[in-house]
Amino acid sequence: MLFSYEIVQAQFLDSLQLKIGTTATVATRSYQPLWLLAGRYGTIADVQADLSSHIRLTNKHVYHGNSPLYDYLRKNNELPNMSLAYGLDLYNHHHFGKMFIQEAYVKFSYNHWQLRAGRYEEILGEINPELSSGSLGVSGNAIPIPKVSLAITDYTDIPLTNGWLQFKGLFSHGWMGKDRTVEQSLLHERNLYLRVGKEAFHLYGGLNRFAIWGGKHPEYGQLDKSWNGYRNIVLGGPIDDLRPYTEAEADRLGNHLGFIDLGFSLNFQEIALTVYQQTPFEDRSGMKLFGNPDQLLGVSVINHAEEAIFSALTLEYMDTRYQSGMTQSGLDNYYNNRLYKNGWTYLGRVIGTPLFVDQDRAALYLQEDIVGAEEWQVVNNRIRGMHLGWKGRLLPSLHFRTLATYTENYGNYFNNDQFTPYKRQWYFLQELIFLHKAWTFTTALGVDAGELTNNQGLSVGIEYHLNDFSPSRFKRQQPKGIR
């Protein structure tokens, strides 16, 4: 019995990991510089000074099997990868005054298929999440939205194509919570990617669609959340009731948006290159493979050489000024919606690109009332800019990450006068990461400079990573008489 107990214990503890850490942040203004805040999944409070502590527990069980079927698959090298993973990440903000669950999830995987539920960190879009300015869909600014999802997490061969054609995708349902104008609204999320190519070269394309729907509106009451309403959300059906919806909801139920993702990659022994384009849309007028000048263009390079100072580089150009133009089908007003006034935000953070500025942060930046803020959550979504991300290592245990972003900010189509002429802005981040055994020490300097805001901030973090839960570390004492 003791032998079998230790085998079960080893299977349970081998992948068990515990991380405990804290990060101190301070800024010259009452809020944090952009790159000290963005892309961190809501783990940093947007205040002048704070201490953010956390404890993270994760585990994963891999099923190895003990049956004739598994013996057959094992002999033929066709053994499926089945696993169950789960995690919990607790954070504390405002000097130990506010505790919240940042991640809590369960994931069951069968090869590339995965069924998952809870809050879990996720980026949607083929970008380098550490170095990019952010995906136009989901870029990791806000705390994860609770949802259930069925996903194909990596490109999977389509039968009869000899590995030349592959696909991946997801289908999700989420809950946006009570802290919104339309309370208890729901999230629909799906994408599908196809990839062509083999070995070193691949060409890919994907369609990402999102919709916020249902919920209780303060004026119109309970909005449709029936199965028929859900079908209309999935299929893009028309509004079928007599509520006085505004022109922004003229032909579709809910707040719909998304982006088209295109690119190609070259992967060699020492270096990998990816060129990508994301094109945003709010309705049919923006759903164009070509001819829509609004886009995020990027080049990502990864260096596989272990001893190189440079390990990854990303360069991006972004332009979202057109928005289908000032036409009857235009004025797309990205991330905004007249009925769902919180738009594409969650708990006070923009879900997509952090370069768009919402009403609260714009008021802090400009120290004045923003035209249209009572109508639109995102008051600066017409921008043009360049972005550089670079990471590498100075010593085997000392790594760095650098972000530099320049933007020209035009507001939106409803506050042109306030953003004429456009406002120039720079955002910088310099981060150093020192690794020593089970410890990680991080320090980062963030600087915002320009006509929107001028702010400097510093963060210092420390984290202890414990993953040695081997049976020898937690060996059960043998009762007397057992040899």
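Which residues of helix H4 (residues 227-235) are buried? Keep that question in mind while we look at the whole protein, which is shown here as a predicted model.

Let's start with the overall picture. The protein has 483 residues, and 50% of them count as buried. Its secondary structure is made up of 24 strands and 5 helices. Among contacts with a separation of 6 or more, 63% are between residues 24 or more positions apart. On the outside, the accessible surface is about 24,000 Å², and carbon and sulfur atoms account for 60% of that.

Now let's go inside. The largest nonpolar core contains 65 residues, and Trp35, Tyr335 and Trp344 have the most contacts within it. The strand that gives the most to this core is S9 (residues 201-213), with 5 residues. Tyr335 is a good place to pause: leaving aside residues up to four places away in sequence, its contacts include Ser135, Leu136, Leu257 and Glu282. Tyr335 also touches Trp344, another of the residues with the most contacts inside the core. Further partners of Tyr335 include Val350, Phe356 and Val378.

This brings us back to helix H4. Its buried residues are Gly229, Tyr230, Asn232, Ile233 and Val234. What do these buried residues pack against? They meet strands S7 (165-175), S8 (186-198), S9 and S12 (255-267). You have already come across S9, as the strand that gives the most to the largest nonpolar core. Finally, follow the chain just past the end of H4 and you will find Gly236, which takes a positive phi of about 80°.

Technical notes
Residues are numbered from 1 along each chain as its sequence is written. This is a predicted model: local features need pLDDT of at least 70, side-chain atom pairs count only at pLDDT 80 or more; totals for chains, interfaces and linings use all residues. Side-chain values use heavy atoms; hydrogens and water are left out. Helices (H or I, at least four residues) and strands (E, at least two) are DSSP runs, numbered from the N terminus. Buried means under 20% relative accessible area, exposed over 50%, partly exposed in between (1.4 Å probe, protein chains only). Contact means heavy atoms within 4.5 Å. Accessible areas come from the Shrake-Rupley method with a 1.4 Å probe; for residues, only the protein chains shown count as cover. A nonpolar core is a set of buried Ala, Val, Leu, Ile, Met, Phe, Trp, Tyr and Cys residues joined through side-chain atoms within 4.5 Å.
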